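Welcome! Below are some short exercises, each followed by a worked solution. Take a moment with the picture before you read on.

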Amino acid sequence: MKKRVGILTSGGDCPGLNATIRGVAKALYARMGDNVEIIGILNGYSGLINGDYKEMCEDDFRGILTLGGTILGTKRTPFKLMRVVEEDKIDKVAAMKKTYKDAKLDCLLCLGGNGTHKTANLLSQEGLNIIGLPKTIDNDIYGTDVTFGFHTAVDIATDVIDRIHTTAGSHSRVMCIEIMGNKAGWLTLYSGIAGGADMIVIPEIPYDIEKLAAACEKRESKGFSILAVAEGAFDKEEAKLKKKERARLRAEQGLTTATPRIAKQIEELTGRETRVCVPGHMLRGGSPSAYDRVLATKFGVHAAELIAADKYGYAVAMINEVVSENPLSEVAGKTKFVPADHQLVKTAKALGVAFGD
Ligand code: F6P
């Protein structure tokens, strides 16, 4: 029986999206030949809402294994607005269901992070045949050991930290490197360890600035200090506040992240010259690493197997190193945080890395 398979990529992009799309497509064509048609939904859920899609052919999936970004385009379409009718008067959920029907889809693959999985679950509950695939440099999708894009970003962030080491040494400075990860600190933790950072600051472990400053002073004889700071880090006082209140106070201080404040306070407390480096979206750019190409391919092939088995309402996942799947309803809306007693945190602490706690 012929199947029409829709694919979309939603939320922030990352290396490995195309490798996953290719993995799904190649496995489907290999398995089903002419009995499969793949429909690319453009720009994530926005394309599904607006009916922007195109029929793809086998050639569209050639040469994309190494390509960064996404051939389908992506967009952030916040889950919290999915059921809200805005000025354009569009009922988004009804519009998405209509596109699914108009495109005669038998199923839809949603490649994305936490927000994407929430909407995927919503669509599944609305009766569509949905499969989620875990993408994000943040590695914070619940129920999977790892997400594709994460290890490439770890490699890039590690390279940034390596390069900062030499300039930090030359100038005897304290260098604060801000690494993406708004809710979870996985990327900062991994790259901080891989890059030999002296201090690692993550949202799961609120910091005390005095302790970070003391750790810098302890390194005085070494000449320089490297801090890997997660974009979403906050201090112990901010930890007492609700997220909205924290954001409001930050805005009053003209800050979006804590990193510039950490640098300034360390300079004041220690008298050491500090600088901030923000690699930002560079962490999401370029070709996926070999690890992510393999992971993306495994995830893509597994999604094709789920389609062949008509098994829908699931999110592909790596569970104890085996590619498998979780019910979407069990993972949507949850975040995988770094446990404060995680083995990697203990490993770093055993080396003398300060977390400021
Ligand atoms: O979720 C991935 C991520 O890269 C986060 O680490 C970061 O906070 C966010 O996306 C940045 O999003 P945007 O691309 O919308 O600026």
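**Exercise 1: The cysteines**

The sulfur of Cys277 is 10 Å from the closest cysteine sulfur, which sits in Cys176, and that is too far for a bond. Keep in mind that this is a predicted model.

Task: Find how many disulfides the cut-off of 2.5 Å gives.

Solution.
- Step 1. A pair of cysteine sulfur atoms must lie within 2.5 Å to count as a disulfide.
- Step 2. For Cys277, the closest cysteine sulfur is the one in Cys176, at 10 Å, so a bond is ruled out by distance.
- Step 3. Now take Cys216: its nearest cysteine sulfur, that of Cys176, is 7.3 Å away, and Cys216 is in no disulfide.
- Step 4. The count by this rule comes to zero disulfides.
- An extra detail: Cys216 has a relative accessible area of 0% and is buried.

**Exercise 2: The open sheet**

Task: Work out which strands are the edge strands of the sheet.

Solution.
- Step 1. Write down the order of the seven strands, β3-β2-β1-β4-β5-β10-β11; they form an open sheet with mixed pairing.
- Step 2. Look for strands that pair on one side only: these are β3 (53-56) and β11 (322-327), the edge strands.
- Step 3. Consider the angle as well: neighbouring strands of this sheet are turned by 30° against each other on average, ignoring direction.
- Step 4. Go to the β11 edge, where β10 (residues 314-319) pairs with β11 in the antiparallel sense over six bridges. One residue pair to locate is Ala317 with its bridge partner in β11, Ser324.
- As background, strands of a sheet pair through backbone hydrogen bonds, either parallel or antiparallel.

**Exercise 3: A glutamate in a loop**

Task: Decide whether Glu204 counts as buried or exposed, and find which residues Glu204 is in contact with.

Solution.
- Step 1. Place Glu204 in the loop between β7 (199-201) and α7 (209-218).
- Step 2. The relative accessibility of Glu204 is 16%, and buried means under 20%, so Glu204 counts as buried.
- Step 3. Set aside the neighbours within four places in sequence; Glu204 is then in contact with Lys183, Ala184, Gly185, Phe337 and Val338.
- Step 4. Compare sequence and space for one of these residues: Lys183 and Glu204 are 21 residues apart in sequence, with 8.1 Å from C-alpha to C-alpha.
- Step 5. Finally, follow the side chain of Glu204, which reaches the backbone nitrogen of Gly185 at 3.0 Å.

**Exercise 4: Positive phi**

Task: Find where Lys104 and Asp310 lie, and how accessible each one is.

Solution.
- Step 1. Most residues other than glycine have a negative phi.
- Step 2. Lys104 is not a glycine, yet its phi is positive, about 55°. Asp310, also not a glycine, has a positive phi of about 55°.
- Step 3. Lys104 lies in the loop between α3 (92-102) and β4 (107-112), while Asp310 is found in the loop between α10 (290-308) and β10.
- Step 4. With a relative accessible area of 59%, Lys104 is exposed; Asp310, at 48%, counts as partly exposed.

**Exercise 5: Around the ligand**

Task: Find which residues surround the ligand.

Solution.
- Step 1. The surrounding residues are Arg76, Ile137, Asp138, Met180, Gly181, Asn182, Glu231, His281 and Arg284.
- Step 2. Check the side chain of Arg76: one of its N or O atoms is 2.7 Å from an oxygen atom of the ligand.
- Step 3. For the side chain of Asp138, the distance from an N or O atom to a ligand oxygen atom is 2.7 Å.
- Step 4. For the side chain of Arg284, the corresponding distance is 2.8 Å.

Terms used: Residues numbered from 1 in each chain as written. Predicted model: local features only at pLDDT ≥ 70, side-chain atom pairs only at ≥ 80, totals over all residues. Heavy atoms only, no water. Pairing = 2+ DSSP bridges. Helix = DSSP H or I, 4+ residues; strand = E, 2+ residues; numbered from the N terminus. Axes fitted to C-alpha atoms, helices over the stretch in contact; angles between N-to-C directions. Buried < 20%, exposed > 50% of the residue type's maximum accessible area, 1.4 Å probe, protein only. Contact = heavy atoms within 4.5 Å. Polar contact = N/O pair within 3.5 Å; in protein donor to acceptor, adjacent residues only side chain to side chain. Near = heavy atom within 4 Å.
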